[in-house]
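Hi,

Here is the model I promised to pass on. Have a look at it first, and my notes follow underneath.

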Amino acid sequence: MLNTLLEAFSLLSRLDSQVVAIVWLSFKVALATVTLATLIGLPFGALVAVASFPGRGAVTVFLNAMMGLPSVVVGVIVYLILSRSGPFGDMGLLYSPTAMVMAQTVLVVPLIAALTRQIVEDAWRTYATEFRSMHFSLRHSVAALLYDCRYSLVVAVLAGAGRSLSEVGAVMIVGGNIEGYTRVMTTAIALETAKGDLPLSLALGMVLLTLVLLLNTGAYHLRLWAMRKYG
Amino acid sequence: MANFFRQLIIFFCAMLLGGFAQAEESIVVSSTTSTEQSGLFGYILPRFEAKTGIKVKVVALGTGQALDTGRRGDADVVFVHDRPAEDKFVAEGWGVDRRDVMYNDFVIVGPKADASKVKGTNDVVEGFRRMAAGSAPFVSRGDKSGTNSAELRFWKDANIDPKAWADYKEAGAGMGPTLNMAAAMGGYTLSDRGTWLSFKNRQDLEIVLAGDKRLFNPYGVMLVNPAKHPHVKKEAGMKFIDWITSRDGQETIAAYKINGEQLFFPSAKN
Amino acid sequence: MFPIQLSNIRFTPDGRTVLTGVDLDIDAEGITVIIGPNGAGKTVLLRIMAGLQTPHDGAINWNGDDNPATGIAMVFQHPVLLRSSVFHNAGLGLKPFGLSRAEAKRRTLQTLERVGLAHRAEDSARLLSGGERQRLALARAWAMRPQLLLLDEPTAALDPSATDVVEGIVREIRTDGTRIVMTTHNLGQAMRISDDIVFLANGRVIERAPTSRFFARPQSNEAKLFIQGELPWRISFDN
């Protein structure tokens with residue numbers, strides 16, 4: 001165990017270009033996923049929080065349940081959709097980073113939307129009458145609430161980023177773990193573990209952990225700063 | 001502030017659309033975990049890519065899955081090791097132009113102590129009988145891979161139904177994870193030599209039986225039938241098949257060694 | 001919009017009587033202050049006028065105006081401010097107006113100037129003092145240039161000097177041509193600021209009179225007792 005750990009550290013100290021490329025792709029895929037999922041999930045979650053419509057409770061339960069959606073299931077579904085024999089086969093997107101972003105977006109949107117709904121709904125209780133007195137439409141309410149909760153919503157977005165970075169099932173299936181093209185940190189870890197190269201897996205795992213920790217540290221300080229600034 | 005966010009979003013979208021674009025020509029080869037995990041592709045593909053400028057994207061799966069991937073049209077070339085399944089694939093019209101590429105051999109790997117005394121024989125079927133009679137577990141791939149179907153053929157030859165045996169464990173995983181399991185359980189397994197040689201977490205495992213002619217493990221390559229899947233990159237795919245069965249390709253395969261040991265032996269008929 | 005006529009308003013949530021048989025006319029000018037003991041239904045009456053609550057019975061007539069909503073603004077007893085700048089909060093009520101960005105900015109800054117918060121435009125709204133927060137809430141409503149402004153206890157939690165500033169602003173808004181209806185517990189404030197008084201008790205309008213007459217000669221027993229109870233010093237002064 002200790003030897004494996006020491007070896008992992010020595011591997012990290014001489015990060016080669018291949019590892020850097022893997023980390024960079026992970027980062028790009030996560031960034032694209034989170035951007036897309038945020039653009040969809042934030043307004044959607046806020047809408048569910050604010051609007052009253054039949055089936056709202058069902059949508060809420062559905063969103064919460066989808067947070068725990070197994071990534072492999074999403075992977076298989078997106079695979080079948082993007083496969084040449086599937087409905088979007090002629091786009092030829094399978095085994096590409098774009099496919100990985102699509103699958104992960106499906107995974108991350110419910111997560112961000114569900115957390116957003118929770119955060120925005122709490123704020124909505126405070127503001128509802130006030131907004132009505134200002135004759136806000138649904139759109140205005142959603143926009144104002146999202147803006148007001150922006151620093152809390154960082155947590156929701158971050159949860160999405162964490163899931164995207166650490167998820168392996170979906171990207172493995174739709175990305176194919178192709179070296180130099182769709183190999184990201186998690187699939188590389190899976191492969192190196194399969195090859196019995198535990199130090200390299202551990203080294204990549206540490207990079208992944210560091211990245212996620214850095215992200216969360218940044219978010220933590222952003223929130224502290226926001227609390228001091230906006231009360 | 002709002003302006004800044006807008007620019008950020010535009011930047012992201014541009015990156016999303018442009019960042020993953022791949023200019024060079026490429027083909028998808030669905031292949032087996034054994035070829036990928038043994039490091040063979042990492043060794044031979046740069047040479048092919050440098051020669052032709054065609055990027056080869058390898059998706060490593062079990063042989064059964066690799067053939068399914070070809071059947072669905074999600075690969076241009078299939079490169080696997082299960083002759084009966086390959087012949088069926090071609091006969092059904094999913095693949096064309098199947099060619100022999102190389103072979104390696106399977107080895108039985110087990111704990112050094114060799115409680116089931118497999119080391120005492122050179123006959124693979126006898127080895128399987130001894131494992132079934134012994135107390136140590138046997139870890140099977142259980143994933144419909146080429147290695148898995150070879151293993152099942154040996155059980156059949158030995159007239160043993162392994163599923164009736166409590167210590168028969170199906171990993172449902174690639175060769176590497178299966179070796180990890182065997183190492184952890186102190187059990188036996190059937191592995192291709194390539195993966196075994198490049199496998200690092202051996203712990204107490206070693207080869208207990210090898211060299212029987214029946215352990216011969218041939219690899220074949222074929223193009224996914226463009227008549228069934230018109231988008232298949234026929235030209236680039238054929239360039240790959242031609243190269244890997246060419247003298248240059250074959251020599252490159254033969255030159256791949258781990259610790260001085262050759263992993264794959266060329267077998268293309270030129 | 002004016003005169004606004006409330007007729008026979010009944011509000012009885014869960015069978016509990018909050019308002020009953022309320023008739024009230026609001027004409028185009030002045031400041032009307034609604035006073036009355038706790039639980040008299042003052043706040044609910046304001047909310048009904050703001051269209052935030054639907055009465056269980058009775059009707060409001062806006063002089064034939066179907067949808068006067070955008071002409072009405074309301075400031076709550078505890079205004080909630082967004083976690084953002086003073087400027088952003090002050091302009092919030094203008095969002096549904098569809099003004100150009102420049103026009104909205106001009107109006108917001110102008111209003112902040114008038115409530116004396118222009119120099120704090122970039123500061124965070126939630127870090128303001130109680131008096132400043134109330135002024136900001138007034139600015140937010142004022143920027144909407146409402147025809148009718150409803151104020152619920154605008155100085156309830158303020159010290160005398162902050163109260164003084166707020167009263168000054170309320171007067172200025174009135175001078176600007178906005179009709180004001182407000183509630184207060186502060187009878188001194190009611191006397192200082194209002195043109196007429198609506199005295200509410202047990203969910204009914206007991207008395208409606210010009211301010212000076214109401215305090216000098218309350219007609220009803222309830223009003224007399226209320227004024228005595230709330231302002232014993234004043235009664236002894238006058239007698």
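Below are my notes on confidence, one residue in a helix and a surface patch.

This is a predicted model, so local features need pLDDT of at least 70 and side-chain atom pairs count only at pLDDT 80 or more, while totals for chains, interfaces and linings use all residues. Residues are numbered from 1 along each chain as its sequence is written, chains are lettered from A and ligands numbered from 1 in the order in which they are written, and side-chain values use heavy atoms, with hydrogens and water left out.

Confidence: the predictor gives the complex an ipTM of 0.85 and a pTM of 0.83. Chain C has a mean pLDDT (the predictor's confidence in each residue, from 0 to 100) of 90, with 94% of its residues at 70 or more. Residues 232-239 of chain C fall below 50, and beyond near neighbours in sequence this stretch has four contacts (heavy atoms within 4.5 Å) in the model.

In chain A, Gln104(A) sits in helix 5, residues 97-133 (helices are DSSP runs of H or I, at least four residues, numbered from the N terminus). Gln104(A) counts as buried because its relative accessibility is 2% (buried is under 20%, exposed over 50%, partly exposed in between, with a 1.4 Å probe and protein chains only). Leaving aside neighbours within four places in sequence, Gln104(A) touches Val29(A), Thr33(A), Ser164(A), Glu167(A) and Val171(A).

Finally, Leu202(A) lies in helix 10, residues 198-230, of chain A, and counts as partly exposed at 30% relative accessibility.

Cheers

Key
Helix = DSSP H or I, 4+ residues; strand = E, 2+ residues; numbered from the N terminus.
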